[in-house]
Amino acid sequence: AELTRSDGLTEEEVKERREQYGFNEVPRVEKNKYLDLLMRYLQPIPILMMIALVLSAAIQPSEWLSFALLLIELNLLVFSAWRSELNTNDAMAALAEGIAPQIDVKRGGQWERLPTRELVPGDIFLLKGGVVVPADALVRGEEHEEPVKVDESSLTGEALLA
């Protein structure tokens with residue numbers, strides 16, 4: 001792995017790497033919401049209701065009111081569950097966008113706070129207590145040869161040394 005200079009990447013290097021690797025994010029796959037609505041009819045409860053519809057029509061062909069009510073109930077059940085999931089997904093997307101994580105990155109010799117999506121391979125970023133590692137990274141100490149010191153006692157249950 002190629003090590004970055006200690007003053008970080010230049011703007012030109014960032015631009016080149018962004019073009020080559022893209023943004024530091026997992027691509028989102030958009031589902032077809034209308035196909036999802038149709039697939040909800042193939043879940044167990046709607047299938048049982050469809051069986052009840054067929055039986056209702058076969059046993060009492062003159063009772064169209066019960067058939068119509070079951071059909072309306074089936075469609076309301078499926079549509080309300082589908083609409084509820086759409087609203088939930090929209091709210092989660094808005095929340096995720098509003099609380100985008102940020103990290104301190106060293107570029108051109110200066111530390112700056114950037115959204116983690118802006119990281120590119122070779123960026124130097126600061127890790128400290130409570131920070132989630134925002135990307136695949138090569139972890140190193142102050143100098144390239146210095147080992148990184150990590151206190152794992154809270155994870156392993158070991159007693160802290162005084």
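In what order do the three strands of the open sheet stand, and is their pairing parallel or antiparallel? In this predicted model, the order is β2-β1-β3 and the pairing is antiparallel. The legends below begin with the whole chain and then turn to that sheet and to the other close-up views.

**Figure 1. The protein chain as a whole, with five helices and three strands.** Read from its start along the sequence, the protein chain follows the pattern α-α-α-α-β-β-β-α. The chain has 162 residues, of which buried residues make up 20%. Among the contacts in the protein chain with a separation of 6 or more, 51% are accounted for by residues that stand 24 or more positions apart.

**Figure 2. The open sheet of three strands.** Strand β1, which covers residues 102-107, is joined to β2 by six bridges, and these two strands run antiparallel. Within this pairing, K106 stands opposite W111 in β2. The edges of the sheet are taken by β2 (110-115) and β3 (124-125), each of which has a single partner strand, so one side of each is left without a neighbour in the sheet. As background to this view, strands of a sheet pair through backbone hydrogen bonds, and they do so either parallel or antiparallel.

**Figure 3. Helix α1, with its buried and exposed residues.** Helix α1 comprises residues 11-21, and within this helix E13, V14, R17 and R18 are buried. Seen down the axis of α1, the buried residues fall within an arc of 130°, so they line one face of the helix. On the other side of α1 the exposed residues are E11, E12, K15, E16, E19 and Q20. Strand β1 is included in what covers the buried residues of α1, which connects this view with that of the sheet. After α1 comes G22, a residue whose phi is positive, near 80°.

**Figure 4. L9 in the segment before α1.** With a relative accessible area of 1%, L9 is buried. Although L9 and V105 are 96 residues apart along the chain, their C-alpha atoms are separated by 9.6 Å.

**Figure 5. The largest nonpolar core, made up of seven residues.** The members of this core are L37, M49, L53, L74, V78, W82 and L86. Two helices, α3 (44-59) and α4, each supply at least two residues of this core, and the largest share, four residues, comes from α4. A second, separate core of five residues includes I103, L114, L119 and F125. Leaving aside neighbours within four places in sequence, L37 is in contact with V78, F79 and W82. As general background, nonpolar side chains in soluble globular proteins tend to be buried together.

**Figure 6. Aromatic pairs, three of which are found in a search of the whole structure.** One of these pairs is formed by W64 and F67, which are edge-to-face, with 5.4 Å from centre to centre and 85° between the planes. Both W64 and F67 lie in helix α4 (residues 64-98), where they are three residues apart, or about one turn of the helix. Because its relative accessibility is 52%, W64 counts as exposed, whereas F67, at 23% relative accessibility, counts as partly exposed. Another pair, that of F79 and W82, is tilted, with 5.5 Å from centre to centre and 50° between the planes. These residues, F79 and W82, also both lie in helix α4 and are three residues apart, again about one turn of the helix. In general, an α-helix has 3.6 residues a turn, so residues three or four places apart point the same way. Of this second pair, F79 counts as partly exposed because its relative accessibility is 42%, while W82, at 7% relative accessibility, counts as buried. Ring pairs also bring in Y34, which is linked with F79 and W82 into a cluster.

**Figure 7. R117 and the ring of F23.** The charged end of R117 sits over the ring of F23, at 3.7 Å from the centre of that ring.

Technical notes. Residues numbered from 1 in each chain as written. Predicted model: local features only at pLDDT ≥ 70, side-chain atom pairs only at ≥ 80, totals over all residues. Heavy atoms only, no water. Phe/Tyr/Trp six-rings, centres within 6.5 Å; stacked < 30°, edge-to-face > 60°. Buried < 20%, exposed > 50% of the residue type's maximum accessible area, 1.4 Å probe, protein only. Lys NZ or Arg CZ within 6 Å of the ring centre and 35° of its normal. Core = buried A, V, L, I, M, F, W, Y, C linked by side-chain atoms within 4.5 Å. Contact = heavy atoms within 4.5 Å. Pairing = 2+ DSSP bridges. Arc of directions from axis to C-beta.
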